[in-house]
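Here are my notes on this one, written as numbered points. Have the structure open while you read, since I start with the rings and work outwards.

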Amino acid sequence: MTTISQFWADVRQALPHLQEPLPAAWAFGARAEHADELLALVLSGTKTGTASLLADFTDEEPVPTVGELSIILDGQGNPRAVLETTDIAIVPFQDVTAEHAWSEGESNRSLDAWREIHKRFWEEHSDAEFSETSPVVCERFRVIYPLT
């Protein structure tokens with residue numbers, strides 16, 4: 001198993017123009033199998049977006065910014081990819097667009113499916129109170145490593 005530090009060293013050897021500080025490392029979803037499913041969508045190029053409740057961000061884990069890098073982990077905590085944030089939009093849940101739902105690559109990629117999946121997820125896994133007007137951070141990204 002490659003450590004996050006060793007993974008980042010390998011990435012920087014392949015892409016020497018990248019910043020030296022180690023980016024945040026995280027996994028999609030709340031369960032190992034979900035992390036692996038979503039990672040597979042990212043690596044296949046299907047998933048180019050994600051969403052989080054604004055209320056779930058903290059001073060220690062702030063809202064991502066355009067240009068920020070992230071190391072994505074699989075369900076076992078192994079580093080597998082590096083993403084670069086390309087766009088951030090904060091909108092009420094009810095105003096998330098069909099285009100963003102499509103970018104997330106889940107289920108049939110429809111807005112209705114996106115709403116059902118995310119409402120259930122946030123009601124089960126967020127400490128924040130969820131409603132149709134809850135602010136959602138819609139993030140778009142691109143994979144910069146592994147190189148394609």
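1. Aromatic pairs first: there are eight of them. The rings of Phe, Tyr and Trp (its six-membered ring) pair if their centres lie within 6.5 Å, with planes under 30 degrees apart called stacked, over 60 edge-to-face and the rest tilted. The F7 and Y145 ring centres are 5.7 Å apart and the planes sit at 80°, so this pair is edge-to-face. Since F7 belongs to helix α1 (residues 4–14) and Y145 to strand β5, the pair ties together parts 138 residues apart in sequence. F7 and Y145 are both buried, meaning under 20% relative accessible area (exposed is over 50%, partly exposed in between; 1.4 Å probe, protein chains only).

2. A word on what you're looking at. This is a predicted model, where local features need pLDDT of at least 70 and side-chain atom pairs count only at pLDDT 80 or more, while totals for chains, interfaces and linings use all residues. Residues are numbered from 1 along each chain as its sequence is written, and side-chain values use heavy atoms, with hydrogens and water left out.

3. More rings: F93, W114, W122 and F130 make up one aromatic cluster. Elsewhere, R109 sits over the face of W102, 3.9 Å from the ring centre; the rule is NZ of Lys or CZ of Arg within 6 Å of the ring centre and within 35 degrees of the ring normal.

4. Now the sheet. It is open, with five strands in the order β1-β3-β4-β5-β2 and mixed pairing. Pairing takes at least two DSSP bridges between two strands; helices (H or I, at least four residues) and strands (E, at least two) are DSSP runs, numbered from the N terminus. β1 (24–26) and β2 (49–53) are the edge strands with a single partner each, so one side of each has no neighbour in the sheet.

5. What about β2 itself? It runs antiparallel to β5 (residues 135–145), joined by five bridges, and G49 has R140 as its bridge partner in β5. Four of the five β2 residues are buried, so this strand is largely enclosed by the rest of the structure.

6. Helix packing: α2 (residues 32–44) lies across β3 (69–73), β4 (79–92) and β5, at about 95° to β4. Angles run from 0 to 180 degrees between N-to-C directions, with axes fitted to C-alpha atoms (for helices, over the stretch in contact). Helix α4 (residues 111–125) also packs on the sheet, touching β2 and β5.

7. Have a look at K47, in the loop between α2 and β2. Is this lysine buried or exposed? At 1% relative accessibility, K47 counts as buried. Its side chain reaches the backbone oxygen of G49 at 2.9 Å. Beyond four places in sequence, K47 touches residues including F28, L38, E104 and F141, contact being heavy atoms within 4.5 Å.

8. Finally D56, in the loop between β2 and β3. With 32% relative accessible area, D56 is partly exposed. Its side chain makes a 2.7 Å polar contact with that of S126, i.e. a pair of N or O atoms within 3.5 Å; within protein, one must be able to donate a hydrogen and the other to accept it, and sequence-adjacent residues count only if both atoms are side-chain atoms. Leaving out neighbours within four places, D56 also contacts W122, D127 and A128, among others.
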